[in-house]
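Welcome to a short guided tour. Please open the model in your viewer and keep the selection tool at hand; each stop tells you what to pick next.

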Amino acid sequence: MLNALNRNLNEKTKAIRNRGYIPAVIYGNKLDNSIPIEIHKTEFQRYLDDNKIGNKIVEVNLNGEIKNCKITEIQINGLKEGFLHIDFLLV
């Protein structure tokens, strides 16, 4: 399970990354609007190290509500070896 926080859209993504978080979004047909979130990069890296992603369902805990998602895209900065953004599809 990944713990997520609601993301303030007024905060620059660079500032979010400097705080140790990865900007992300949960989207899908079941939602009226996509949900901007942020996930701590250490927690996400541990999740990747312990799990094979593939078509696996990922539980995202957002404010105590569990959302079953699939990771559809992970954007990575190859030069700095850091995560830029993650897309989660609500299933």
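Start by selecting Glu11, Arg19 and Glu38, which are linked in a network of salt bridges. A salt bridge here is a side-chain nitrogen of Lys or Arg within 4 Å of a carboxyl oxygen of Asp or Glu. Before going on, note that this is a predicted model, in which local features need pLDDT of at least 70 and side-chain atom pairs count only at pLDDT 80 or more, while totals for chains, interfaces and linings use all residues. Residues are numbered from 1 along each chain as its sequence is written, and side-chain values use heavy atoms, with hydrogens and water left out.

**Stop 1: the charged network**

Zoom in on Glu11 and Arg19, whose side chains meet at 3.0 Å, N to O. Glu11 counts as partly exposed at 25% relative accessibility, and Arg19 is also placed in the partly exposed class, at 39%. For these labels, buried means under 20% relative accessible area, exposed over 50%, and partly exposed in between (1.4 Å probe, protein chains only).

Now move to the other side of the network, where Arg19 and Glu38 form a salt bridge of 2.9 Å, N to O. Arg19 lies in the loop between α1 and β2 and Glu38 in strand β3, so this pair ties together parts that are 19 residues apart in sequence. Helices (H or I, at least four residues) and strands (E, at least two) are DSSP runs, numbered from the N terminus. Glu38 is buried, with a relative accessible area of 4%.

**Stop 2: a buried arginine**

Keep Glu38 on screen and add Arg7, in the loop between β1 and α1 (13-18). Which side chain of opposite charge is nearest to Arg7? It is Glu38, 5.5 Å away, and Arg7 is buried yet has no salt bridge. In this count Lys and Arg are positive and Asp and Glu negative, with His and the chain ends not counted. To see the surroundings of Arg7, select its contacts (heavy atoms within 4.5 Å). Leaving aside neighbours within four places in sequence, these are Ile16, Pro23, Ala24, Pro36, Ile37, Glu38 and His85.

**Stop 3: the strands around β3**

Next, colour β3. Five of its six residues are buried, so β3 is largely enclosed by the rest of the structure. Two strands count as paired if DSSP finds at least two bridges between them. β1 and β3 run antiparallel and are joined by three bridges; look for Asn6, whose bridge partner in β3 is Ile37. β2 also runs antiparallel to β3, with six bridges. Here Ile22 has Ile39 as its bridge partner, and Ile26 stands opposite Ile35.

Stay with β2 for a moment. Six of its seven residues are buried, so β2 too is largely enclosed by the rest of the structure. Four bridges join β2 to β6, and these two run parallel. Ile26 has a bridge partner in β6 as well, namely Phe88.

**Stop 4: the nonpolar core**

Ile26 and Phe88 lead on to the largest nonpolar core, which has 20 residues. Such a core is a set of buried Ala, Val, Leu, Ile, Met, Phe, Trp, Tyr and Cys residues joined through side-chain atoms within 4.5 Å. Show Ile26, Ile37, Phe44, Val60 and Phe88, which touch the most other members. The elements giving two or more residues to this core are β1 (2-6), β2 (21-27), β3 (35-40), α2 (41-50), β4 (58-62), β5 (65-77) and β6 (82-90). β6 gives the most, with four residues.

**Stop 5: an aromatic pair**

From the core, centre the view on Phe44 and add Phe83. The two form an edge-to-face aromatic pair, 5.1 Å centre to centre with 85° between the planes. Rings of Phe, Tyr and Trp (its six-membered ring) pair if their centres lie within 6.5 Å; planes under 30 degrees apart count as stacked, over 60 as edge-to-face and the rest as tilted. Phe44 is in helix α2 and Phe83 in strand β6, so far as sequence goes 39 residues apart. Phe44 counts as buried at 0% relative accessibility, and Phe83 as buried at 16%.

**Stop 6: out to a loop**

Finish at Asn63, in the loop between β4 and β5. Asn63 has a positive phi of about 55° although it is not a glycine. Asn63 is exposed, with a relative accessible area of 57%.
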